[in-house]
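Please walk me through this structure, from its metal site to its nonpolar cores and a few loop positions.

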Amino acid sequence: MEDFENWIEAGKIAKEALEYGKRLAKPGIKLLELAKEIEGKIKELGGRLAFPVNLSLNNIAAHSIPMSDDERVLEEDDILKIDVGVHINGCIGDTACTVGNNKKLIMASEDALTSAIEYVKRNADKIVLCEIGRIIQEKIQSYGFSPIRNLSGHSIDKYNLHSGLTIPNYDNGDTTSIEGDFVFAIEPFATDGKGIVKDGKYSGIYRLEEKRPTRNPIARKVLEHIEKEFNGLPFSKRWLLQFRGINFALNTLEKEGILHHYRELKEEGDGSVSQAEHTILIKDGKAIVTTS
Ligand code: CO
């Protein structure tokens with residue numbers, strides 16, 4: 001497999017950065033400070049950010065990040081998902097955990113992930129996608145919760161976080177099997193709500209959607225930076241505050257269809273949500289969990 005060492009190293013840094021974040025994520029810390037600390041740790045360890053550190057609270061399942069003026073502080077009864085992505089030359093490690101007092105909800109997604117990984121290790125030469133989904137669903141339901149059905153794990157390629165395949169969190173009947181060398185993430189979400197997420201507010205997370213020229217000089221300068229710096233991977237508006245007129249530039253690029261602006265994903269029944277995630281590399285019929 002090409003770049004094997006880079007995939008392994010990216011996973012290792014992601015794991016360490018997540019552990020560091022988990023230790024800091026105590027009531028009283030500002031979400032903005034937590035995000036900056038984790039981002040700093042990734043760089044210190046020699047990695048680059050594959051996407052902004054997602055810090056999603058309570059009924060927000062994913063795609064939530066603190067902006068530069070964010071005053072929110074982690075509260076005693078919050079449930080916080082920390083989702084970290086690291087890359088080395090485009091090879092990505094993607095891993096997440098949940099902190100808070102709702103231990104049963106947190107266990108449900110962790111246990112589902114562990115069981116799914118056991119299945120993958122036993123069947124690394126031929127992994128059936130709906131089997132992963134079935135295992136996750138059964139485990140989460142055994143805790144009395146629901147998996148979130150419209151969130152899923154994903155195959156990963158170089159500089160491509162979601163490279164096409166969906167790794168389901170319920171038995172969706174997809175009997176597609178994975179054979180050969182392959183990288184993917186499994187990420188069960190458990191909730192006491194409806195088990196569906198819908199679009200929430202705009203997040204400040206963007207991704208280059210379609211490379212096209214733009215006429216506005218300010219937007220053009222920002223676009224050049226985005227292409228060079230992020231290589232098609234998601235990024236935070238907070239990383240671009242050195243540019244004058246950044247709001248105008250991002251709005252222009254979004255309107256022109258050049259950038260995709262992610263929305264937060266909110267549990268439809270306003271349930272609490274937990275998440276657990278690891279990246280797995282299949283090589284020569286063996287499964288390696290790069291982020292554990
Ligand atoms: Co992921």
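Helices and strands are taken here as DSSP runs, at least four residues for a helix and at least two for a strand, numbered from the N terminus. By that naming, Asp 270 sits in the loop between β14 (259-267) and β15 (273-275). The model is predicted. Asp 270 has a positive phi of about 55°, although it is not a glycine. Its relative accessibility of 48% makes Asp 270 partly exposed, because that class covers the range between 20% and 50%.

Asn 231 is another non-glycine residue with a positive phi, in this case about 50°. Asn 231 is in the loop between α5 and β13 (235-236), and with a relative accessible area of 39% Asn 231 is partly exposed. A third loop position is Gly 164, between β7 (153-155) and β8 (166-167). Gly 164 is exposed, at a relative accessible area of 63%. From Gly 164 to Lys 43 the C-alpha to C-alpha distance is 28 Å, with their positions 121 residues apart in sequence.

The metal site comes next. The cobalt ion is coordinated by Asp 94 (OD), His 154 (NE2), Glu 187 (OE) and Glu 277 (OE), at 2.0 to 2.4 Å. Along the chain these donors follow the spacing D-x59-H-x32-E-x89-E. Two of them, Asp 94 in strand β4 (residues 91-100) and His 154 in strand β7, are 60 residues apart and so link distant parts of the chain. Both Asp 94 and His 154 are buried.

What is the arrangement of the four donor atoms around the cobalt ion? It is irregular, because the angles they subtend run from 81 to 172°. A tetrahedral assignment would need all angles to lie between 85 and 135 degrees.

The nonpolar interior can be described core by core. The largest nonpolar core has 41 residues, and Leu 80, Ile 82, Val 84, Ile 226 and Phe 235 have the most contacts inside it. The elements that each supply at least two residues of this core include α1 (4-24), α2 (31-44), β1 (48-57), β3 (79-88), β12 (197-208) and α5 (217-230). Domain 1 (4-198 + 270-289) and domain 2 (200-264) both contribute residues, so this core lies between them.

Phe 235 touches, among others, Pro 52, Tyr 206, Ile 226, Phe 230, Leu 250 and Leu 259. Apart from this largest core lies another core, of 32 residues, among them Ala 112, Leu 113, Phe 182 and Ile 280.

Key. Residues are numbered from 1 along each chain as its sequence is written. This is a predicted model: local features need pLDDT of at least 70, side-chain atom pairs count only at pLDDT 80 or more; totals for chains, interfaces and linings use all residues. Side-chain values use heavy atoms; hydrogens and water are left out. Buried means under 20% relative accessible area, exposed over 50%, partly exposed in between (1.4 Å probe, protein chains only). Donors are N, O and S atoms within 2.8 Å of the metal (3.2 Å for Na, K and Ca); water is not among the atoms, so sites may look incomplete. Four donors count as tetrahedral if all angles lie between 85 and 135 degrees; four count as square planar and six as octahedral if opposite donors are over 155 degrees apart and all others between 65 and 115; anything else is irregular. A nonpolar core is a set of buried Ala, Val, Leu, Ile, Met, Phe, Trp, Tyr and Cys residues joined through side-chain atoms within 4.5 Å. Domain bounds come from an automatic or database domain assignment. Contact means heavy atoms within 4.5 Å. Lists of a residue's contacts leave out its neighbours within four places in sequence.
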